[in-house]
Amino acid sequence: MQIAFHIGAHCTDEDQLVKSLVKNNQIFTEQGVAVPGPSRYRKLLADVAVKLAGKSASLETQDMVLEQILDGTDPDRLVFSFDNFISGPRRALEDGMLYPAAAEKARVLHNLFPDHKVEFFLAVRDPATFVPAFLTKYTDIDRGEVMSKLNPMGMVWSDIIKDIREENPDCQITVWCNEDSPLIWGEILRAMAGLPSGAKIAGAFDLLSRIMSEEGMRRFRAFLHEHPGLSEPHKRKVMIAFLDKYALDEAVEEELDIPGWTDEYVDALTDLYERDIEIIANMRNVTLIAA
């Protein structure tokens with residue numbers, strides 16, 4: 001069985017990936033893809049991982065876990081999603097580092113199903129917006145303590161992915177930029193479900209509708225209806241054109257409330273992030289879904 005783990009990061013999709021995927025449950029069932037509800041596996045997988053204590057699960061344990069999750073069905077592909085898979089919020093920026101336990105936690109996930117084909121999926125985000133969003137969302141985390149240890153210029157996603165790959169050399173890793181998600185959401189959903197590019201899928205514009213006015217979405221869908229068969233790259237060009245006219249300013253603008261972060265510093269962080277994405281794009285056994 002193919003098992004796809006969507007492992008984060010925090011402050012990216014906010015569980016929208018699961019919500020979009022389940023819109024396709026009927027067609028997924030026909031194609032041998034299962035997207036169980038989070039309540040069926042999040043606590044269960046965590047409990048089993050604790051009992052395994054880093055060891056690989058036996059075939060009997062794997063079968064038991066799958067039986068509890070799938071309730072007698074036998075899909076070809078199984079999709080899990082949880083932004084705490086590779087770290088709870090308190091460890092995401094522990095000791096000033098970005099997801100220091102990611103590789104170890106990814107290996108723990110792999111060890112849950114060592115006799116199956118495991119894949120990892122990860123959304124990354126510009127540190128210039130990730131850090132403010134993270135500290136705004138998780139208000140119980142001491143902002144002063146985090147910032148006193150944090151080196152934003154050292155927040156390199158490619159190092160995390162390299163470490164995950166080294167710990168799990170036989171696992172394919174798929175990555176995308178959170179900033180691009182509204183434009184490539186359909187491709188992300190297809191990749192998670194193991195479907196080919198361009199396959200029909202519901203929910204492809206769920207994120208686009210958050211940042212575009214109702215009138216814009218209505219006109220955009222009408223355009224697609226009038227121009228069937230557009231390639232995915234062509235659709236993205238159309239999305240950008242419509243966003244230029246109908247984007248919701250409050251949805252696309254982000255407040256960066258970090259004392260001492262000047263415009264020049266934020267620009268430097270973004271430049272570093274863009275160079276980091278170029279490194280990720282050229283990694284072996286890593287697929288970057290790019291806009």
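**Cores, pockets and two buried residues**

Not counting residues up to four places away in sequence, Phe-80 touches Ile-3, Ala-4, Phe-5, His-6, Pro-36, Tyr-41, Leu-45, Ile-69, Phe-85, Phe-113 and Met-192. These contacts, like everything described here, come from a predicted model. Phe-80 is a good place to begin, as it belongs with Phe-5, Leu-45, Tyr-99, Phe-113 and Phe-120 to the residues that have the most contacts inside the largest nonpolar core. That core has 62 residues. Apart from it lies another core, made up of 36 residues and including Leu-17, Val-35, Ala-123 and Ile-289.

Ile-86 offers a closer look at the packing around a loop. This residue is found between strand E3 (77–81) and helix H5 (89–92). Is Ile-86 buried or exposed? Its relative accessible area is 1%, and Ile-86 is therefore buried, the cut-off being under 20%. With neighbours within four places in sequence left aside, the residues in contact with Ile-86 are Ile-7, Tyr-99, Ala-101, Ala-102, Lys-105 and Ala-106. Of these, Tyr-99 has already appeared among the residues with the most contacts inside the largest nonpolar core. Along the chain, Ile-86 and Ser-148 are 62 residues apart, and a distance of 23 Å separates their C-alpha atoms.

A polar residue provides the next example. Asn-111 lies in helix H6, which covers residues 102–112. Asn-111 counts as buried because its relative accessibility is 6%, where the cut-off is under 20%. Which side chain does Asn-111 meet in a polar contact? The partner is Ser-56, and the contact between the two side chains spans 3.3 Å. Ser-56 also figures in the wider set of contacts: beyond its neighbours within four places in sequence, Asn-111 is in contact with Leu-52, Gly-54, Lys-55, Ser-56 and Ala-57.

Turning to the open spaces, the largest pocket holds about 640 Å³. Its lining consists of 23 residues, and those nearest the centre are Asn-178, Pro-182, Ile-211, Ala-251 and Glu-254. Which helices each supply at least two residues of this lining? They are H7 (127–137), H10 (181–193), H11 (208–211) and H14 (249–252). By class, the lining of the largest pocket comprises 10 charged, 9 nonpolar and 4 polar residues.

The second largest pocket has about 350 Å³ of space. It is lined by 22 residues, with Arg-190, Lys-200, Ile-201, Ala-204 and Phe-205 closest to its centre. Two or more lining residues come from H10 and from helix H13 (232–246). Helix H10 gives the most, contributing 6 residues to the lining of the second largest pocket, and H10 also supplies at least two residues to the lining of the largest pocket. In the second largest pocket the lining divides into 10 nonpolar, 8 charged and 4 polar residues.

Finally, the structure contains 1 cavity of 30 Å³ or more. The largest cavity has a volume of about 30 Å³. Thr-12, Asp-13, Ala-123, Trp-176, Asn-178, Ser-181, Trp-185 and Leu-207 form its lining, with 4 nonpolar, 3 polar and 1 charged residue among them. Two of these names are familiar from above: Ala-123 is a member of the core of 36 residues, and Asn-178 is one of the residues nearest the centre of the largest pocket.

How values were computed
Residues are numbered from 1 along each chain as its sequence is written. This is a predicted model: local features need pLDDT of at least 70, side-chain atom pairs count only at pLDDT 80 or more; totals for chains, interfaces and linings use all residues. Side-chain values use heavy atoms; hydrogens and water are left out. A nonpolar core is a set of buried Ala, Val, Leu, Ile, Met, Phe, Trp, Tyr and Cys residues joined through side-chain atoms within 4.5 Å. Buried means under 20% relative accessible area, exposed over 50%, partly exposed in between (1.4 Å probe, protein chains only). Contact means heavy atoms within 4.5 Å. On a 1 Å grid over the protein atoms alone, a cavity is a set of points where a 1.4 Å probe fits but cannot get out, and a pocket is an open set with protein on both sides within 12 Å along at least five of seven lines; lining residues have an atom within 4 Å of a point. Grid points are joined across faces, edges and corners, and a volume is the space filled by probe spheres set on the points. Helices (H or I, at least four residues) and strands (E, at least two) are DSSP runs, numbered from the N terminus. Ala, Val, Leu, Ile, Met, Phe, Trp, Tyr, Cys and Pro count as nonpolar, Asp, Glu, Lys and Arg as charged, and the others, Gly among them, as polar. A polar contact is a pair of N or O atoms within 3.5 Å; within protein, one must be able to donate a hydrogen and the other to accept it, and residues adjacent in sequence count only if both atoms are side-chain atoms.
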